[in-house]
Amino acid sequence: MSTDEDDDDGAVDPIFAASLAVGTLLQAKDDDTEAWYEASVVDTRTNVETGQEEIKVHFRGFGAKFDVWYARNSHKLRPSNLKLKPRK
């Protein structure tokens, strides 16, 4: 899974994007497999070079080495269908 850099070319629900905070469950699209996976937000930041807000996503069932930073408004993020409690 790789870093997501150019993902603001799709229509993203601004309410969903604004709601993304640490612990939020969501689905994220993997660049390598083009498959959607259940994930959770584990960190947030503002990119110092671009000023763009970003979120770090952890794919459920995978190690932390597969975590990926996405632009908050990435079209590779969507609401989760799962109603699980976030892992601590």
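These legends accompany close-up views of a predicted model.

**View 1. The whole chain holds one helix and five strands.**
From the N terminus on, the elements run α-β-β-β-β-β. The protein has 88 residues, and buried residues make up 36% of them. The accessible surface comes to about 5500 Å². Carbon and sulfur atoms hold 49% of that surface. Among contacts with a separation of 6 or more, 49% join residues 24 or more positions apart.

**View 2. Five strands form an open sheet.**
The strand order is β4-β3-β2-β1-β5, and the pairing is antiparallel. β4 and β5 (77-79) are the edge strands, and each pairs on one side only. From one strand to the next, the twist averages 50 degrees.

**View 3. Strands β2 and β3 pair in the antiparallel sense over seven bridges.**
β2 covers residues 36-46. β3 covers residues 53-59. Threonine 46 has glutamate 53 of β3 as its bridge partner. Serine 40 is matched with histidine 58 of β3. Six residues lie between the two strands of this hairpin. Among the hairpin's features is glycine 51, which takes a positive phi near 75 degrees.

**View 4. Serine 40 sits in strand β2.**
Is serine 40 buried or exposed? Its relative accessibility is 11%, and the cut-off for buried is under 20%, so serine 40 counts as buried. Neighbours within four places in sequence are left aside in the contact list that follows. Serine 40 is in contact with Thr24, Leu25 and Leu26, and also with Lys56, Val57 and His58. Of these contacts, histidine 58 is also the bridge partner of serine 40 in β3.

**View 5. Strands β3 and β4 pair in the antiparallel sense over four bridges.**
Isoleucine 55 has tyrosine 70 of β4 as its bridge partner. Glutamate 54 is matched with alanine 71 of β4. β3 is mostly covered, with five of its seven residues buried. In β4 (residues 68-71), the side chains alternate: Val68 and Tyr70 point one way, Trp69 and Ala71 the other way. All four of these β4 residues are buried.

**View 6. The largest nonpolar core has 12 residues.**
Which residues make up this core? They are Phe16, Leu20, Leu26, Ala28, Ala39, Val41, Ile55, Val57, Phe59, Val68, Tyr70 and Leu77. Four elements give two or more residues to the core: β1 (25-29), β2, β3 and β4. The largest share, three residues, comes from β3. In soluble globular proteins, nonpolar side chains tend to be buried together. Two of the core residues, Val68 and Tyr70, point one way from β4. Isoleucine 55, also a member of the core, is the bridge partner of tyrosine 70.

**View 7. Arginine 72 and glutamate 53 meet in a salt bridge.**
The structure holds four salt bridges, and this one has an N to O distance of 2.9 Å. What does the pair tie together? Arginine 72 lies in the loop between β4 and β5, and glutamate 53 in strand β3, so the pair links parts that are 19 residues apart in sequence. Arginine 72 counts as buried, at 14% relative accessibility. Glutamate 53 counts as partly exposed, at 44%. Glutamate 53 is also the bridge partner of threonine 46 in the β2 and β3 pairing.

**View 8. Glutamate 54 and arginine 45 form another salt bridge.**
The closest N and O atoms are 2.5 Å apart. Glutamate 54 has a relative accessibility of 7% and counts as buried. Arginine 45 has 38% and counts as partly exposed. Glutamate 54 also has a backbone-level match, with alanine 71 of β4 as its bridge partner.

**View 9. Glutamate 34 and lysine 29 are joined by a salt bridge.**
Their side chains meet at 3.3 Å, N to O. Glutamate 34 is partly exposed, with a relative accessible area of 46%. Lysine 29 also counts as partly exposed, at 21% relative accessibility. The cut-off for buried is under 20%, so lysine 29 at 21% falls outside the buried class.

Key: Residues are numbered from 1 along each chain as its sequence is written. This is a predicted model: local features need pLDDT of at least 70, side-chain atom pairs count only at pLDDT 80 or more; totals for chains, interfaces and linings use all residues. Side-chain values use heavy atoms; hydrogens and water are left out. Buried means under 20% relative accessible area, exposed over 50%, partly exposed in between (1.4 Å probe, protein chains only). Two strands pair if DSSP finds at least two bridges between them. Axes are lines fitted to C-alpha atoms, for helices over the stretch in contact, and angles run from 0 to 180 degrees between N-to-C directions. A nonpolar core is a set of buried Ala, Val, Leu, Ile, Met, Phe, Trp, Tyr and Cys residues joined through side-chain atoms within 4.5 Å. Contact means heavy atoms within 4.5 Å. Accessible areas come from the Shrake-Rupley method with a 1.4 Å probe; for residues, only the protein chains shown count as cover.
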